[in-house]
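Please look through the structure shown here, together with its sequence, and follow the explanation below one part at a time.

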Amino acid sequence: MTQIQRPKSIIDSLGEELIRIITPVSICMLIVVILVSILNTDSSSASTTINSIATIAYTETTSDSFWDKLEGALLNSLVFVVVVTAVTFLLVLLFYLRCTQFLKLYMGFSSFIVLGFMGGEIALFLIRDFDVPIDCITFLLMLMNFAVVGVLAVFMSKMAIFVTQAYLVVIGVLVAYWFTLLPEWTTWSLLVAMALYDLAAVLLPVGPLRLLVELAISRDEDIPALVYEARPVNNNDTNPRDSVAQRRIWRERRNVGNGSEEVSDPNLTMNTVNSVDSSHEAPILVRAEEGRSRERNAELSAPLIDHRSNGQYHGQQDNASNENFLLEGIGLGSTGAIKLGLGDFIFYSVLVGRAAMYDFMTVYACYLAIIAGLGVTLMLLAFYQKALPALPVSIALGVLFYFLTRVLLEEFVLEYSSNLLMF
């Protein structure tokens, strides 16, 4: 009798899962810190700000009082969150109306603007500061090629996953750097406001991100958005067709549990199709097909997916929780890969970029806090198996560590160093 191999536990390869998502986040934050250190000099950082939606309600000046800055920053963050919420609900509506192609074109156009215009201006800053000898025609050709290839890599065509991931990190870096040019009070207020928005948008029943994920799950479609997806941990080089078969089995299992007579995929085996006719035979046949798939696959070992290897399933119990089990959403992909929205990359990098305007000891403290928060979020994702917001824990720890380091740790270190007690 062949014994089905049990999957590894979450702890077995969780470290590799963490590294595959923490590495691009760390690279994004590092590049933003380098750009801030090079471009935002002492003379220019105090006066260089940008006009955007985040500063439409209040423009901060150094002569304003404490309460004026606080009130204006809160007002700016409120306006920004309202605009983001409205735009997200509009995206949900367009996705509901099946305007997927339009959304992809819009996302592609936005990526082109970021890579071509924002990236081009930052490139001009670097060329100016380092006196790089380059003519206008060559610069424009290189910039156009860079932007077009980026749009194609992210949305329009299939390229090597490394190229797509690299361009997503670059987009996060460019947007994050421009956010660091916001006034200081507005920046901190905006970070806290976006963390609270992320919490509500993902967890509330009427949250726009939750509605978007549930709609994508019900249709079994990918969300047209800027999302970084790490490669899943897979001990065996599993055939992609087998992964699709595994996904189909769980989709069919959900339909059988609901008593639906509609088969979700016409390519399923005849036994699985016939299992809809008998309530007693359905669980047995689904388990048999699942066992055959597992023997072919030797079990995917993505630790953030808790495979039910014993095959016990009751369609009338816990059906709602199983809908998010192996299906795509914010957090987990259908293959078990971790998915992290590019907005999380951006606001993590904004926090450390703002800290870099103060000193590098604060940058280090904020970086450790953000990574710790991301690790906590991924652990919660592993246990709850549902879409979770990635900003709240990391932003809360990052902001806390920033002010604690700036107010307490720096004074402690300087006092000891001035008395030759610590070097």
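In this predicted model, the count of salt bridges comes to 4. Side chains of opposite charge can pair when their charged atoms come close. One such salt bridge is where the side chains of Glu 221 and Arg 98 meet, at 3.3 Å from N to O. This pair links distant parts of the chain, since Glu 221 lies in the loop between α8 (208–219) and β1 (227–229), while Arg 98 lies in the loop between α3 (66–96) and α4, 123 residues apart.

The helix α4, spanning residues 100–130, also takes part in a packing with helix α5, residues 136–156, where the two axes come within 9 Å and cross at roughly 145°. The crossing in which α4 passes α5 is right-handed. Among the residues that make the contact are Leu 105, Phe 112, Gly 116 and Ile 127 of α4, and Phe 139, Leu 143, Val 151 and Phe 155 of α5. The residues of this contact divide into 16 nonpolar, 5 polar and 1 charged.

On the surface, a nonpolar patch is formed by Leu 30, Ile 34, Ile 38, Phe 130, Val 132, Ile 134 and Met 142, which together have about 620 Å² of accessible area. Helix α1, residues 10–39, gives the largest share of the patch, with 3 residues, whereas Val 132 is found in the loop between α4 and α5.

Notes
Residues are numbered from 1 along each chain as its sequence is written. This is a predicted model: local features need pLDDT of at least 70, side-chain atom pairs count only at pLDDT 80 or more; totals for chains, interfaces and linings use all residues. Side-chain values use heavy atoms; hydrogens and water are left out. Axes are lines fitted to C-alpha atoms, for helices over the stretch in contact, and angles run from 0 to 180 degrees between N-to-C directions. Helices (H or I, at least four residues) and strands (E, at least two) are DSSP runs, numbered from the N terminus. A crossing is left-handed if the near helix is turned anticlockwise from the far one by less than a right angle, and right-handed if clockwise. Contact means heavy atoms within 4.5 Å. Ala, Val, Leu, Ile, Met, Phe, Trp, Tyr, Cys and Pro count as nonpolar, Asp, Glu, Lys and Arg as charged, and the others, Gly among them, as polar. Patches are made of residues with over 30% relative accessible area and no salt bridge: like charges are joined within 9 Å, nonpolar side chains (Val, Leu, Ile, Met, Phe, Trp, Tyr) within 5 Å. Accessible areas come from the Shrake-Rupley method with a 1.4 Å probe; for residues, only the protein chains shown count as cover.
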